[in-house]
Amino acid sequence: MGTEETRGGGNRGGELPAEVRSVPTAPEEPGETAAPEQTERQDEQRDEQASLTGRQRLREGLWPPRVTRPQLIVALLLFVLGLGLAIQVRSNNDSSALRGARQEDLVRILDELDDRTQRLEGEKQRLEDQRTGLENSSDQAEEARKQTVEKERQLGILAGTVAAQGPGITLTIDDKKGSVEADMLLDAIQELRAAGAEAIQINDVRVVASTYLSDTDSGGVRVDGRAVGKPYRFKVIGKPQDLEPALNIPGGVVQTLEKEQATVTVARAEKIVVDALRAAKRPDYARSSSQ
(Lines give C-alpha, C1' and ligand atoms only; values in the text may rest on other atoms or scores of the structure.)
Protein backbone atom coordinates (compact mmCIF):
# COMPACT_ATOMS: atom_id res chain seq x y z
CA MET A 1 0.00 0.00 0.00
CA GLY A 2 2.68 2.40 0.90
CA THR A 3 4.50 1.64 -2.32
CA GLU A 4 1.56 2.30 -4.57
CA GLU A 5 0.79 5.58 -2.91
CA THR A 6 4.34 6.62 -3.40
CA ARG A 7 4.22 5.80 -7.15
CA GLY A 8 0.87 7.48 -7.53
CA GLY A 9 2.14 10.53 -5.73
CA GLY A 10 5.28 10.46 -7.92
CA ASN A 11 3.22 10.48 -11.13
CA ARG A 12 1.19 13.40 -10.03
CA GLY A 13 4.24 15.38 -9.07
CA GLY A 14 6.48 14.42 -12.13
CA GLU A 15 4.12 14.84 -15.12
CA LEU A 16 1.39 17.28 -16.03
CA PRO A 17 -2.08 16.00 -16.58
CA ALA A 18 -3.01 15.22 -20.17
CA GLU A 19 -5.55 18.03 -20.21
CA VAL A 20 -2.90 20.59 -19.36
CA ARG A 21 -0.32 19.35 -21.92
CA SER A 22 -2.69 19.18 -24.85
CA VAL A 23 -4.24 22.62 -24.61
CA PRO A 24 -3.64 24.27 -28.05
CA THR A 25 -2.47 27.84 -28.39
CA ALA A 26 -4.76 30.29 -30.11
CA PRO A 27 -3.62 31.32 -33.66
CA GLU A 28 -2.14 34.77 -33.99
CA GLU A 29 -3.82 37.33 -36.17
CA PRO A 30 -1.87 38.61 -39.21
CA GLY A 31 -2.05 42.17 -37.95
CA GLU A 32 -0.44 41.23 -34.66
CA THR A 33 2.80 39.83 -36.36
CA ALA A 34 3.40 42.94 -38.56
CA ALA A 35 4.13 45.27 -35.66
CA PRO A 36 7.05 43.27 -34.19
CA GLU A 37 8.64 42.83 -37.67
CA GLN A 38 8.47 46.59 -38.40
CA THR A 39 9.88 47.34 -35.00
CA GLU A 40 12.72 44.91 -35.66
CA ARG A 41 13.57 46.61 -39.00
CA GLN A 42 13.59 50.03 -37.36
CA ASP A 43 15.92 48.72 -34.71
CA GLU A 44 18.24 47.35 -37.40
CA GLN A 45 18.28 50.73 -39.22
CA ARG A 46 19.07 52.53 -35.99
CA ASP A 47 21.89 50.08 -35.37
CA GLU A 48 23.29 50.68 -38.89
CA GLN A 49 23.14 54.47 -38.44
CA ALA A 50 24.81 54.15 -35.08
CA SER A 51 27.61 52.06 -36.63
CA LEU A 52 28.40 54.72 -39.36
CA THR A 53 31.52 56.77 -38.88
CA GLY A 54 31.54 60.57 -38.82
CA ARG A 55 33.05 60.73 -42.32
CA GLN A 56 30.36 58.46 -43.71
CA ARG A 57 27.67 60.59 -42.14
CA LEU A 58 29.24 63.71 -43.62
CA ARG A 59 29.36 62.07 -47.06
CA GLU A 60 25.72 61.05 -46.86
CA GLY A 61 24.79 64.56 -45.77
CA LEU A 62 26.64 66.23 -48.66
CA TRP A 63 25.78 63.85 -51.50
CA PRO A 64 23.53 64.06 -53.35
CA PRO A 65 23.69 67.86 -52.98
CA ARG A 66 20.57 69.73 -52.06
CA VAL A 67 20.93 73.22 -53.58
CA THR A 68 18.45 75.91 -52.72
CA ARG A 69 17.74 79.17 -54.50
CA PRO A 70 19.56 81.38 -51.95
CA GLN A 71 22.63 79.16 -52.25
CA LEU A 72 22.62 79.57 -56.05
CA ILE A 73 22.43 83.36 -55.72
CA VAL A 74 25.32 83.41 -53.24
CA ALA A 75 27.41 81.16 -55.52
CA LEU A 76 26.76 83.47 -58.49
CA LEU A 77 27.78 86.55 -56.50
CA LEU A 78 30.99 84.85 -55.36
CA PHE A 79 31.81 83.90 -58.96
CA VAL A 80 31.35 87.50 -60.14
CA LEU A 81 33.50 88.77 -57.27
CA GLY A 82 36.28 86.29 -58.08
CA LEU A 83 36.20 87.23 -61.76
CA GLY A 84 36.52 90.91 -60.88
CA LEU A 85 39.47 90.23 -58.61
CA ALA A 86 41.20 88.19 -61.34
CA ILE A 87 40.79 91.00 -63.86
CA GLN A 88 42.12 93.53 -61.35
CA VAL A 89 45.18 91.40 -60.60
CA ARG A 90 45.89 90.95 -64.31
CA SER A 91 45.65 94.68 -64.98
CA ASN A 92 48.01 95.35 -62.09
CA ASN A 93 50.50 92.85 -63.53
CA ASP A 94 50.29 94.51 -66.94
CA SER A 95 51.27 97.87 -65.43
CA SER A 96 54.08 96.38 -63.34
CA ALA A 97 56.56 97.04 -66.17
CA LEU A 98 56.28 100.78 -65.52
CA ARG A 99 56.63 100.48 -61.76
CA GLY A 100 60.34 99.82 -61.98
CA ALA A 101 61.00 102.79 -64.27
CA ARG A 102 62.69 105.88 -63.02
CA GLN A 103 60.77 109.07 -62.44
CA GLU A 104 62.58 110.80 -65.30
CA ASP A 105 61.59 108.00 -67.69
CA LEU A 106 57.96 108.15 -66.61
CA VAL A 107 57.91 111.93 -67.10
CA ARG A 108 59.41 111.50 -70.58
CA ILE A 109 56.82 108.86 -71.51
CA LEU A 110 53.99 111.12 -70.32
CA ASP A 111 55.43 114.01 -72.32
CA GLU A 112 55.52 111.86 -75.45
CA LEU A 113 51.90 110.82 -74.92
CA ASP A 114 50.91 114.45 -74.47
CA ASP A 115 52.77 115.44 -77.63
CA ARG A 116 51.06 112.70 -79.64
CA THR A 117 47.70 113.80 -78.29
CA GLN A 118 48.44 117.37 -79.29
CA ARG A 119 49.45 116.27 -82.80
CA LEU A 120 46.21 114.37 -83.20
CA GLU A 121 44.21 117.32 -81.91
CA GLY A 122 46.05 119.58 -84.35
CA GLU A 123 45.28 117.24 -87.25
CA LYS A 124 41.66 117.15 -86.21
CA GLN A 125 41.49 120.94 -86.05
CA ARG A 126 43.16 121.24 -89.46
CA LEU A 127 40.60 118.93 -91.05
CA GLU A 128 37.77 120.84 -89.42
CA ASP A 129 39.19 124.10 -90.76
CA GLN A 130 39.33 122.60 -94.24
CA ARG A 131 35.72 121.56 -94.01
CA THR A 132 34.74 125.01 -92.77
CA GLY A 133 36.68 126.61 -95.61
CA LEU A 134 34.86 124.48 -98.14
CA GLU A 135 31.51 125.32 -96.63
CA ASN A 136 32.08 129.08 -96.27
CA SER A 137 34.25 129.86 -99.30
CA SER A 138 32.62 132.02 -101.93
CA ASP A 139 34.53 130.16 -104.59
CA GLN A 140 34.35 126.56 -103.38
CA ALA A 141 35.84 125.19 -106.59
CA GLU A 142 39.02 127.27 -106.20
CA GLU A 143 39.29 126.40 -102.54
CA ALA A 144 38.87 122.73 -103.34
CA ARG A 145 41.58 123.00 -106.00
CA LYS A 146 44.01 124.57 -103.52
CA GLN A 147 43.33 121.88 -100.98
CA THR A 148 43.78 119.21 -103.62
CA VAL A 149 47.18 120.61 -104.57
CA GLU A 150 48.23 120.75 -100.94
CA LYS A 151 47.01 117.22 -100.36
CA GLU A 152 48.94 116.05 -103.42
CA ARG A 153 52.10 117.65 -102.08
CA GLN A 154 51.65 115.98 -98.70
CA LEU A 155 51.05 112.60 -100.30
CA GLY A 156 54.10 113.13 -102.49
CA ILE A 157 56.23 113.64 -99.39
CA LEU A 158 54.88 110.47 -97.83
CA ALA A 159 55.35 108.52 -101.07
CA GLY A 160 58.90 109.84 -101.50
CA THR A 161 58.28 111.42 -104.90
CA VAL A 162 58.75 114.97 -103.61
CA ALA A 163 61.70 116.47 -101.70
CA ALA A 164 60.96 117.81 -98.24
CA GLN A 165 62.59 120.07 -95.67
CA GLY A 166 61.86 121.06 -92.10
CA PRO A 167 63.03 120.64 -88.53
CA GLY A 168 64.16 117.26 -87.35
CA ILE A 169 67.18 115.21 -86.32
CA THR A 170 70.13 113.37 -87.78
CA LEU A 171 70.93 109.88 -86.50
CA THR A 172 74.40 108.54 -87.22
CA ILE A 173 75.31 104.90 -86.54
CA ASP A 174 78.98 104.03 -86.87
CA ASP A 175 79.29 100.25 -87.04
CA LYS A 176 83.00 99.52 -87.18
CA LYS A 177 82.64 95.95 -85.89
CA GLY A 178 79.91 95.03 -88.36
CA SER A 179 77.50 93.92 -85.63
CA VAL A 180 74.54 96.08 -86.65
CA GLU A 181 71.95 94.09 -88.58
CA ALA A 182 68.98 95.03 -90.70
CA ASP A 183 66.40 94.37 -87.99
CA MET A 184 68.10 96.93 -85.71
CA LEU A 185 67.81 99.63 -88.36
CA LEU A 186 64.21 98.62 -88.95
CA ASP A 187 63.52 99.08 -85.22
CA ALA A 188 64.93 102.60 -85.48
CA ILE A 189 62.64 103.39 -88.43
CA GLN A 190 59.60 102.08 -86.61
CA GLU A 191 60.45 104.06 -83.47
CA LEU A 192 60.88 107.25 -85.49
CA ARG A 193 57.58 106.72 -87.27
CA ALA A 194 55.81 106.15 -83.95
CA ALA A 195 57.30 109.43 -82.68
CA GLY A 196 55.86 111.37 -85.63
CA ALA A 197 58.55 111.29 -88.31
CA GLU A 198 57.16 112.60 -91.60
CA ALA A 199 60.11 111.93 -93.92
CA ILE A 200 63.11 109.60 -93.47
CA GLN A 201 66.20 109.07 -95.57
CA ILE A 202 69.01 106.55 -94.95
CA ASN A 203 72.17 107.66 -96.72
CA ASP A 204 70.85 108.20 -100.26
CA VAL A 205 67.74 105.96 -100.06
CA ARG A 206 64.28 107.39 -99.31
CA VAL A 207 62.30 105.40 -96.76
CA VAL A 208 58.62 104.93 -97.65
CA ALA A 209 55.80 102.65 -96.57
CA SER A 210 56.99 99.80 -98.80
CA THR A 211 60.65 99.99 -97.74
CA TYR A 212 62.30 96.74 -96.72
CA LEU A 213 65.72 96.01 -95.23
CA SER A 214 67.94 92.93 -95.55
CA ASP A 215 71.42 91.81 -94.51
CA THR A 216 74.25 91.36 -97.00
CA ASP A 217 76.73 88.52 -97.07
CA SER A 218 79.57 90.91 -96.24
CA GLY A 219 77.94 92.13 -93.02
CA GLY A 220 76.24 95.21 -94.41
CA VAL A 221 72.62 96.23 -94.93
CA ARG A 222 70.50 96.68 -98.04
CA VAL A 223 67.62 99.16 -98.15
CA ASP A 224 65.08 98.34 -100.85
CA GLY A 225 67.71 96.13 -102.46
CA ARG A 226 70.39 98.83 -102.51
CA ALA A 227 73.48 98.40 -100.36
CA VAL A 228 74.11 101.36 -98.05
CA GLY A 229 77.58 102.12 -96.79
CA LYS A 230 78.76 102.74 -93.24
CA PRO A 231 78.22 104.78 -91.22
CA TYR A 232 74.44 104.74 -91.53
CA ARG A 233 73.08 108.31 -91.58
CA PHE A 234 69.40 108.93 -90.96
CA LYS A 235 67.90 112.28 -91.93
CA VAL A 236 64.51 112.59 -90.28
CA ILE A 237 61.97 115.41 -90.51
CA GLY A 238 59.64 115.83 -87.57
CA LYS A 239 59.40 117.42 -84.16
CA PRO A 240 62.86 117.13 -82.59
CA GLN A 241 61.42 117.22 -79.07
CA ASP A 242 59.60 113.97 -79.87
CA LEU A 243 62.11 112.20 -82.09
CA GLU A 244 65.20 112.40 -79.89
CA PRO A 245 63.59 111.15 -76.63
CA ALA A 246 61.96 108.28 -78.54
CA LEU A 247 65.40 106.97 -79.51
CA ASN A 248 66.92 107.45 -76.05
CA ILE A 249 64.28 105.73 -73.92
CA PRO A 250 65.67 103.00 -71.60
CA GLY A 251 66.08 99.79 -73.55
CA GLY A 252 65.37 101.61 -76.80
CA VAL A 253 67.22 102.00 -80.09
CA VAL A 254 70.30 103.81 -78.82
CA GLN A 255 70.96 101.43 -75.92
CA THR A 256 70.43 98.39 -78.15
CA LEU A 257 72.93 99.65 -80.72
CA GLU A 258 75.47 100.59 -78.06
CA LYS A 259 75.28 97.06 -76.67
CA GLU A 260 76.44 95.93 -80.10
CA GLN A 261 79.44 98.28 -79.68
CA ALA A 262 78.17 100.71 -82.27
CA THR A 263 78.65 104.46 -81.87
CA VAL A 264 75.35 106.34 -82.01
CA THR A 265 74.96 110.12 -82.36
CA VAL A 266 71.65 112.01 -82.32
CA ALA A 267 71.64 115.72 -83.19
CA ARG A 268 68.73 118.13 -83.49
CA ALA A 269 68.52 120.60 -86.38
CA GLU A 270 66.20 123.41 -87.37
CA LYS A 271 66.40 122.45 -91.03
CA ILE A 272 66.71 118.93 -92.41
CA VAL A 273 66.60 118.39 -96.18
CA VAL A 274 65.35 115.03 -97.43
CA ASP A 275 66.06 115.08 -101.15
CA ALA A 276 66.32 111.38 -102.09
CA LEU A 277 63.38 110.63 -104.38
CA ARG A 278 61.45 107.58 -105.40
CA ALA A 279 59.97 107.09 -108.85
CA ALA A 280 56.21 107.28 -108.89
CA LYS A 281 54.86 103.85 -109.65
CA ARG A 282 51.52 103.54 -111.31
CA PRO A 283 49.42 100.68 -109.98
CA ASP A 284 48.69 97.89 -112.41
CA TYR A 285 45.21 97.02 -111.18
CA ALA A 286 44.01 99.58 -108.63
CA ARG A 287 41.93 102.48 -109.89
CA SER A 288 40.26 105.37 -108.18
CA SER A 289 36.71 104.60 -107.09
CA SER A 290 35.59 108.26 -107.06
CA GLN A 291 33.09 109.18 -109.74
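Here are some worked exercises on the cavity, the pockets, the helix packing and two backbone details of this predicted model.

**Exercise 1. The enclosed space**

Find how many cavities of 30 Å³ or more the whole structure holds, and work out which residues and helices line the largest cavity.

*Solution.*
Step 1. Let's start with the search itself: over the whole structure, it turns up one cavity of 30 Å³ or more. The volume of the largest cavity is about 40 Å³.
Step 2. Next, look at the walls. Glu-112, Asp-115, Arg-116, Arg-119, Ala-195, Asp-242 and Ala-246 form the lining of this largest cavity.
Step 3. Now place the lining on the fold. At least two lining residues come from each of helix 7 (103–136) and helix 10 (240–247). Helix 7 has the largest share, with four residues.
Step 4. Finally, sort the lining by class: five residues are charged, two are nonpolar and none is polar.

**Exercise 2. Two helices beside the cavity**

Describe how helix 7 and helix 10 are arranged, and name the residues through which they meet.

*Solution.*
Step 1. A handy reminder before you begin: a pair of packed helices is described by the angle between the axes and the distance between them.
Step 2. For helix 7 and helix 10, the axes come within 10 Å and the crossing angle is roughly 140°. Because of that angle, helix 7 counts as oblique to helix 10.
Step 3. Add the hand: helix 7 passes helix 10 in a left-handed crossing.
Step 4. Then list the partners. Helix 7 brings Arg-108, Glu-112, Asp-115 and Arg-119, and these meet Asp-242, Pro-245 and Ala-246 of helix 10. By class, the contact has five charged residues, two nonpolar ones and no polar ones.
Step 5. Go back to the cavity for a moment. Glu-112, Asp-115, Arg-119, Asp-242 and Ala-246, which take part in this helix contact, are also among the residues that line the largest cavity.

**Exercise 3. The other neighbour of helix 10**

Give the packing angle, the distance between axes and the hand for helix 9 (residues 182–194) and helix 10, then classify their contact.

*Solution.*
Step 1. The two helices pack at about 145°, and their axes are 9 Å apart.
Step 2. Their crossing is right-handed.
Step 3. On the helix 9 side the contact uses Ala-188, Glu-191 and Leu-192, while helix 10 offers Leu-243, Ala-246 and Leu-247. Sorted by class, that gives five nonpolar residues, one charged residue and no polar residues.
Step 4. Keep an eye on Ala-246: this residue meets helix 9, takes part in the contact with helix 7 and lines the largest cavity.

**Exercise 4. The open pockets**

For the largest and second largest pockets, state the volume, the residues closest to the centre and the elements that contribute to the lining.

*Solution.*
Step 1. The largest pocket holds about 500 Å³ of space. Its lining has 16 residues, and closest to its centre are Glu-123, Arg-126, Gln-154, Leu-158 and Glu-198. Helix 7 and helix 8 (140–159) are the elements that give two or more residues to this lining.
Step 2. Classify that lining: seven charged, six nonpolar and three polar residues.
Step 3. Turning to the second largest pocket, the space is about 330 Å³. Of its 17 lining residues, Leu-158, Ala-159, Val-207, Val-208 and Ala-209 are the closest to the centre.
Step 4. Helix 8 and strand 2 (199–202) each give at least two residues to the lining of the second largest pocket, and helix 8 contributes the most, with three. The classes here are 11 nonpolar, four charged and two polar.

**Exercise 5. Two backbone details**

Locate the cis peptide bond between Lys-230 and Pro-231, and the positive phi of Asn-203.

*Solution.*
Step 1. Omega is about 0° for the bond joining Lys-230 and Pro-231, a cis peptide bond. Pro-231 sits in the loop between strand 6 (226–228) and strand 7 (232–237).
Step 2. Asn-203, a residue other than glycine, has a positive phi near 55°. Asn-203 belongs to the loop between strand 2 and strand 3 (205–207).

Technical notes: Residues numbered from 1 in each chain as written. Predicted model: local features only at pLDDT ≥ 70, side-chain atom pairs only at ≥ 80, totals over all residues. Heavy atoms only, no water. 1 Å grid on protein atoms, 1.4 Å probe; cavity = no way out; pocket = protein on both sides within 12 Å on 5 of 7 lines; lining within 4 Å. Points joined across faces, edges and corners; volume = space filled by probe spheres on them. Nonpolar A, V, L, I, M, F, W, Y, C, P; charged D, E, K, R; others polar. Axes fitted to C-alpha atoms, helices over the stretch in contact; angles between N-to-C directions. Parallel < 35°, antiparallel > 145°, perpendicular 65-115°, else oblique. Left-handed = near helix turned anticlockwise from the far one by under 90°. Contact = heavy atoms within 4.5 Å.
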